[in-house]
Amino acid sequence: MTRVFSGVQPTGDIHIGNYLGAMKRFVELQDEHECFFCVVDLHALTVPQNPDILRNKILQLARIYLAIGLDPAKTTLFAQSHVPAHSELAWLLQCITYFGELSRMTQFKDKSSGKENVSVGLFTYPALMAADILLYDTDYVPVGADQKQHLELTRDIAQRFNNRFGETFVVPEPLISDVGAKIMSLTDPEKKMSKSAEDEMGRISLLDTPDMVKKKIMRAVTDSENCVYYDPDKKPGLSNLITLMSVQTNRSVEDIAAEYDGKGYGQLKKDLVEVTVNTLKGIQDKYNSISEDEIRKVLSEGADKARVIAEKTLQKVQQKMGLR
Ligand code: AMP
Ligand code: TRP
């Protein structure tokens, strides 16, 4: 059976961009593949976190994994820090990753630009991500478009290791959707929807109430042309709303644009509110039915399963590199 691995950081508000761009795919993949989905809490530490808030966010993200329909009977759900091999392999991989490669990562450039005290962890973040993926002989990694460059680096690191030390790692393929892989902010549609941007109106959290969803979508920035067609360059705001409708209804963007041309932006927004509230309702009902004990049990059993596989890979790598 082919292996799938992905991770989400337990920070900010998990939003509809995370869900439609990546997490919805996790659920679809769990029936056909052996899946590992991780709460990447060590990655969260690359920027300052309040310890109590982080502790809660880790449990909250695990609860969201269950609420979107991931089934611990089919899929391994765990927290990265519960499996020490992630940190250990990350160090080994950092030693074969080049400074120049990490300097070219656009996520690092975006997150560090203009900041004074940027942690070294933020810089070496992609090597930890490579470790996450390579520990499990992963074939496929479902992610949003913003992770493409990190995946390319992961592949380069895996190939470099295999060339230098002999066949060891499976070289993973990214799975990036054609539509929905980059959901944009509702208030600034030139930028991607972000978990941690200060302006909450730009994102729809998976836990937003129907009233909040309505307010955010009805106020979403569009343009003054009032003619409906899909063109992300010319009409980023409207095209983002069409995309949100398209991925939630499994209809093409052309189809949606044709339906609303003539009906106007207001009708599209109203219908999008209804569809989105409905998507979130299913997730929130489940979210509210899960107990904290259940989450802890899932994470603990998941880590036990992950640890066995990860340890084996780590030992193989250590031996190949001349340790042990
Ligand atoms: P993160 O919030 O950075 O941990 O991202 C979790 C997953 O959601 C990753 O696969 C990201 O690529 C994906 N993602 C994050 N933001 C967006 C967005 N605005 N649109 C689509 N996918 C996204
Ligand atoms: N860097 C990813 C993000 O910000 C999160 C992540 C960490 C990840 N490790 C991973 C994603 C391994 C896929 C596979 O979204």
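How far is an oxygen atom of ligand 2 from an N or O atom in the side chain of Gln 9? The distance is 3.2 Å. Let me start there and walk you through the rest.

First, some housekeeping. This is a predicted model, where local features need pLDDT of at least 70 and side-chain atom pairs count only at pLDDT 80 or more, while totals for chains, interfaces and linings use all residues. Residues are numbered from 1 along each chain as its sequence is written, chains are lettered from A and ligands numbered from 1 in the order in which they are written, and side-chain values use heavy atoms, with hydrogens and water left out.

Back to ligand 2. It has 13 residues around it, and those that come nearest are Gln 9, Tyr 125, Met 129, Asp 132 and Gln 147; here, near means that a heavy atom of the residue lies within 4 Å. Besides Gln 9, look at Tyr 125: an N or O atom of its side chain is 2.7 Å from a nitrogen atom of ligand 2. Gln 147 also has a polar side-chain atom 3.0 Å from a nitrogen atom of the ligand. A polar contact, by the way, is a pair of N or O atoms within 3.5 Å; within protein, one must be able to donate a hydrogen and the other to accept it, and residues adjacent in sequence count only if both atoms are side-chain atoms.

How much of ligand 2 does the protein cover? On its own the ligand has 360 Å² of accessible area, and 90% of that is covered. These areas come from the Shrake-Rupley method with a 1.4 Å probe, and for residues only the protein chains shown count as cover. Strand S1 (3-8) and helix H7 (120-134) are the elements giving two or more residues to the shell, and H7 gives the most, with four. Helices (H or I, at least four residues) and strands (E, at least two) are DSSP runs, numbered from the N terminus.

Now, salt bridges: a side-chain nitrogen of Lys or Arg within 4 Å of a carboxyl oxygen of Asp or Glu. The whole structure has 19 of them. In one, Lys 192 and Asp 146 meet at 2.6 Å, N to O. This pair links distant parts of the chain, 46 residues apart: Lys 192 is in the loop between strand S5 (173-175) and helix H9 (210-218), and Asp 146 is in the loop between strand S4 (140-142) and helix H8 (148-165).

Another joins Lys 235 to Asp 223, with the closest N and O atoms 3.1 Å apart. Is Lys 235 buried or exposed? Lys 235 is buried, at a relative accessible area of 2%, whereas Asp 223 is partly exposed at 26%. Buried means under 20% relative accessible area, exposed over 50%, and partly exposed in between, with a 1.4 Å probe and protein chains only.

A third bridge pairs Asp 255 with Arg 251, their closest N and O atoms being 3.3 Å apart. Shared partners join Arg 251, Asp 255, Glu 259 and Lys 263 into one network.

Last stop, strand S3, residues 75-79. Five of its five residues are buried, so S3 is largely enclosed by the rest of the structure. Thr 75, Leu 77 and Ala 79 lie on one side, Thr 76 and Phe 78 on the other, and both faces are covered. Strand S2 (residues 34-39) runs parallel to S3, joined by five bridges; strands pair if DSSP finds at least two bridges between them. Within this pairing, Val 39 stands opposite Ala 79.

Thanks for listening!
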